[in-house]
Amino acid sequence: MSLRLSTVILPYRRWHEGGRSTWTRAEQLGFHTAYTYDHLSWRSFRDGPWFGAVPNLTAAAAVTERLRLGTLVTSPNFRHPVTLAKELISLDDISDGRITLGIGAGGTGFDATALGQEPWTPRERADRFGEFLPLLDRLLTEDAVSYEGDFYSAHEARNIPGCVQRPRLPFAVAATGPRGLALAARHGQAWVTTGDPKLFENGTPEQSDRALRQQGDRLADACAAIGRDVGELERVLLTGFTPERSRPLESVDAFVDFAGRHRDLGFTELVVHWPIPDSDFAADDKLFERIAMEAPAQLKE
């Protein structure tokens, strides 16, 4: 089974002060996809520079040619399906069909309250996501959509000419619970996980592997329930949140071992964070580039 290597570039750098060069370097290094976080702000970066995902991806599309681009992930926390669909169709056009939408139910961080609302409970997030994703699917595949739901509405929303990618750009659905996995099975072209968050602090790699295998089994069950072959979905692991944290980036051999293990668990794409000094994602730049250039070939052997 082949394994693609992708990266996620956090939008904390001004475009003309390192932002642009990071995206172009990602293409030069041969990454399959370069994603960015779609947040209003995020964790320890909250009080520092942070730029919008869609403008960054638009700019990245203009300075790259082959690199796929995407969000990892967008959520309903501050998005509406009607306006998001228009932005995605525009992005897909500007990039000539290189956009992947990573999307999930959202969480309890800064995004959850920035618009002045109380944070939603896990059930409320699942309820909203269960309405948001099917509506977005329709908006990206139909010329005109009207819909009246419990949380979202659309009145003759026009999305002409639609996506360059047909029938629409791919969805990479982040999910671990039963309702999210059911949505991934029905609407996703890929499934995204970060592992089991309960294992991050004190878990072991072996426990993480078991948890990831169980998540994959639940995805297979969700696909079987609707008669879909689970093999149709790509499996994406956003690294850095398993018990091994950033240790796989400490050497090429360590990364190849980590990647090989997760390839054997069925993952088809690994996403590594572009190094950020003085953060949880700090890593040696030269070693990071060696991993990007050398590891994929070793994983084919």
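**Close-up views of a predicted model**

**View 1. Strand 1 and its partners.** R4 stands opposite E269 in strand 10. Welcome to this predicted model; we start with the strand pairing around that residue pair. Strand 1, residues 4-8, and strand 10, residues 269-273, run parallel and are joined by five bridges. Strand 1 also pairs in the parallel sense with strand 2, residues 33-36, here over two bridges. To find this second pairing, look for T7, whose bridge partner in strand 2 is A34. Between strand 1 and strand 2 the chain passes through helix 1, making a β-α-β crossover that is right-handed. Is strand 1 mostly covered or mostly open? Strand 1 is mostly covered, with four of its five residues buried.

**View 2. The largest cavity.** Two cavities of 30 Å³ or more are counted in this model, and this view shows the largest, with about 110 Å³ of space. Its lining is made up of 13 residues, and those closest to the cavity centre are I9, L10, Y12, R13 and T22. Which helix gives the largest share of this lining? Helix 1, residues 19-28, does, with three residues. Readers coming from the first view have already met helix 1 on the path from strand 1 to strand 2. By class, the lining of the largest cavity holds eight nonpolar, four polar and one charged residues.

**View 3. The second largest cavity.** Here the space comes to about 40 Å³. The residues to look for around the second largest cavity are D38, V54, L57, T71, T74, L84, L88, L91, I99, T100 and L101. Which elements each supply at least two residues of this lining? They are helix 2 (53-63), strand 3 (68-74), helix 3 (81-94) and strand 4 (99-103). Sorted by class, the lining of the second largest cavity has seven nonpolar residues, three polar ones and one charged one.

**View 4. E148 in strand 5.** This last view moves to E148, a residue of strand 5, which covers residues 144-148. Is E148 buried or exposed? E148 counts as exposed because its relative accessibility is 67%, and the cut-off for exposed is over 50%. The side chain of E148 also has a partner to spot: it makes a polar contact with the side chain of S153, at 2.8 Å. For another landmark, try L135, which is 13 residues from E148 along the chain. The C-alpha atoms of L135 and E148 are separated by 9.9 Å.

Technical notes
Residues are numbered from 1 along each chain as its sequence is written. This is a predicted model: local features need pLDDT of at least 70, side-chain atom pairs count only at pLDDT 80 or more; totals for chains, interfaces and linings use all residues. Side-chain values use heavy atoms; hydrogens and water are left out. On a 1 Å grid over the protein atoms alone, a cavity is a set of points where a 1.4 Å probe fits but cannot get out, and a pocket is an open set with protein on both sides within 12 Å along at least five of seven lines; lining residues have an atom within 4 Å of a point. Grid points are joined across faces, edges and corners, and a volume is the space filled by probe spheres set on the points. Ala, Val, Leu, Ile, Met, Phe, Trp, Tyr, Cys and Pro count as nonpolar, Asp, Glu, Lys and Arg as charged, and the others, Gly among them, as polar. Buried means under 20% relative accessible area, exposed over 50%, partly exposed in between (1.4 Å probe, protein chains only). Two strands pair if DSSP finds at least two bridges between them. A crossover is right-handed if, with the strands pointing away from the viewer, the path from the first strand over the helix to the second runs clockwise. A polar contact is a pair of N or O atoms within 3.5 Å; within protein, one must be able to donate a hydrogen and the other to accept it, and residues adjacent in sequence count only if both atoms are side-chain atoms.
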